[in-house]
Amino acid sequence: MDGFTEEQEALVNSSWEAFKKNIPQLSIFFYTLILEKVPDAKDMFSFLKNFDGIPHNNSTLEAHAELIFEMTRDSAVQLRQKGKVDVADDVTLEYLGSVHVQKGVIDLHFKVFKEAMLSTIKKAVEEKWSEELGCAWAIAYDELAAAIKKAMGW
């Protein structure tokens, strides 16, 4: 991969700010998209297991969505600064890998999450969406997913 550019990092950071302004609605949108494609994924999330559909006003669901998007945003920053993805001090790639293995995550899940993430960012930024913006998020997500897959032993 060629270097992640300053412009790409700026696109991800600005759209991350747009996402943060409406986490409750956007997190519901995000998980709705996921479950439309992979209904069985519901059982992978403790905050979805006992609900029909996606629960509204669920702080755990919102926090998990925020964490996924924040880790992807952080990946963009790391790609620009270090040329590789690492994770925050309180979470290791090994831990993420083990959780993903334990939950039975397969490659399809990563693809569905990526599609849902890009659609959610598009909704968050509305008319500011561009091909470049989508590409920047896609690169950051793909690099994070690759690091998690490696930690899963793939």
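Is E126 buried or exposed? In this predicted model, E126 is exposed, with a relative accessible area of 57%. The tour below starts at this residue and proceeds through the helix contacts, the pockets and several individual positions.

**Stop 1: E126 and the second largest pocket**

Select E126, which is placed in the loop between α5 and α6. Its phi is near 50°, a positive value in a residue other than glycine. Most residues other than glycine have a negative phi.

E126 also belongs to the lining of the second largest pocket, together with L11, S14, S15, A18, A124, V125, E127, K128 and L133. Select these residues as a group and display the pocket, whose volume is about 190 Å³. Helices α1 and α5 each supply at least two residues of this lining. The most comes from α1, with four residues. By class, the lining of the second largest pocket divides into five nonpolar, two polar and three charged residues.

**Stop 2: α1 against α5**

Two packed helices are described by the angle between their axes and the distance between the axes. Select α1 (residues 6–20) and α5 (residues 107–125), whose axes come within 8 Å and cross at roughly 80°. An angle from 65 to 115 degrees counts as roughly perpendicular, and α1 is therefore roughly perpendicular to α5.

Next, display the side chains at this crossing: S15, A18 and F19 in α1 meet T120, I121, A124 and V125 in α5. The contact of α1 with α5 has five nonpolar, two polar and no charged residues. Several of these positions recur from the previous stop: S15, A18, A124 and V125 are among the residues lining the second largest pocket.

**Stop 3: E9 on α1**

Remain on α1 and select E9, which is placed in this helix. Why does E9 count as buried? The cut-off for a buried residue is under 20% relative accessible area, and E9 counts as buried because its relative accessibility is 14%. Leaving aside neighbours within four places in sequence, E9 is in contact with F4, V77 and R80.

**Stop 4: α3 against α5**

Select α3 (59–82) and keep α5 in view. These two helices pack at an angle of about 90°, with their axes 12 Å apart. This angle makes α3 roughly perpendicular to α5. The residues to display are I68, F69 and T72 in α3, which meet F113, M117, T120 and I121 in α5. By class, the contact of α3 with α5 has five nonpolar, two polar and no charged residues. T120 and I121 of α5 also meet residues of α1.

**Stop 5: the largest pocket**

Display the largest pocket, which has a volume of about 610 Å³. Which residues lie nearest its centre? They are F45, H64, I68, H100 and F113, out of 23 residues that line the largest pocket. Two of these, I68 and F113, also take part in the contact of α3 with α5.

To trace the walls, select α3, α4 (93–103), α5 and α6 (131–151), each of which supplies at least two residues of the lining. The largest share, five residues, comes from α4. The lining of the largest pocket divides into 18 nonpolar, four polar and one charged residue.

**Stop 6: Y141 on α6**

Select Y141, found in helix α6. At 7% relative accessibility, Y141 counts as buried. Leaving aside neighbours within four places in sequence, Y141 is in contact with T72, F110, F113, K114 and M117. To examine one of these pairs, draw the C-alpha to C-alpha distance from Y141 to K114: they are 6.9 Å apart in space and 27 residues apart in sequence.

**Stop 7: the loop between α2 and α3**

Move to the loop between α2 (23–37) and α3, and select M44. M44 counts as buried, at 16% relative accessibility. Leaving aside neighbours within four places in sequence, M44 is in contact with K103, G104, V105 and H109. The C-alpha atoms of M44 and H109 are separated by 11 Å, and the two residues are 65 residues apart along the chain.

Finally, select N57, which is also found in the loop between α2 and α3. N57 is exposed, with a relative accessible area of 74%. Although N57 is not a glycine, it has a positive phi of about 55°. E126, at the start of the tour, likewise has a positive phi.

How values were computed:
Residues are numbered from 1 along each chain as its sequence is written. This is a predicted model: local features need pLDDT of at least 70, side-chain atom pairs count only at pLDDT 80 or more; totals for chains, interfaces and linings use all residues. Side-chain values use heavy atoms; hydrogens and water are left out. Axes are lines fitted to C-alpha atoms, for helices over the stretch in contact, and angles run from 0 to 180 degrees between N-to-C directions. Angles under 35 degrees count as roughly parallel, over 145 as roughly antiparallel, 65 to 115 as roughly perpendicular and the rest as oblique. Contact means heavy atoms within 4.5 Å. Ala, Val, Leu, Ile, Met, Phe, Trp, Tyr, Cys and Pro count as nonpolar, Asp, Glu, Lys and Arg as charged, and the others, Gly among them, as polar. On a 1 Å grid over the protein atoms alone, a cavity is a set of points where a 1.4 Å probe fits but cannot get out, and a pocket is an open set with protein on both sides within 12 Å along at least five of seven lines; lining residues have an atom within 4 Å of a point. Grid points are joined across faces, edges and corners, and a volume is the space filled by probe spheres set on the points. Buried means under 20% relative accessible area, exposed over 50%, partly exposed in between (1.4 Å probe, protein chains only).
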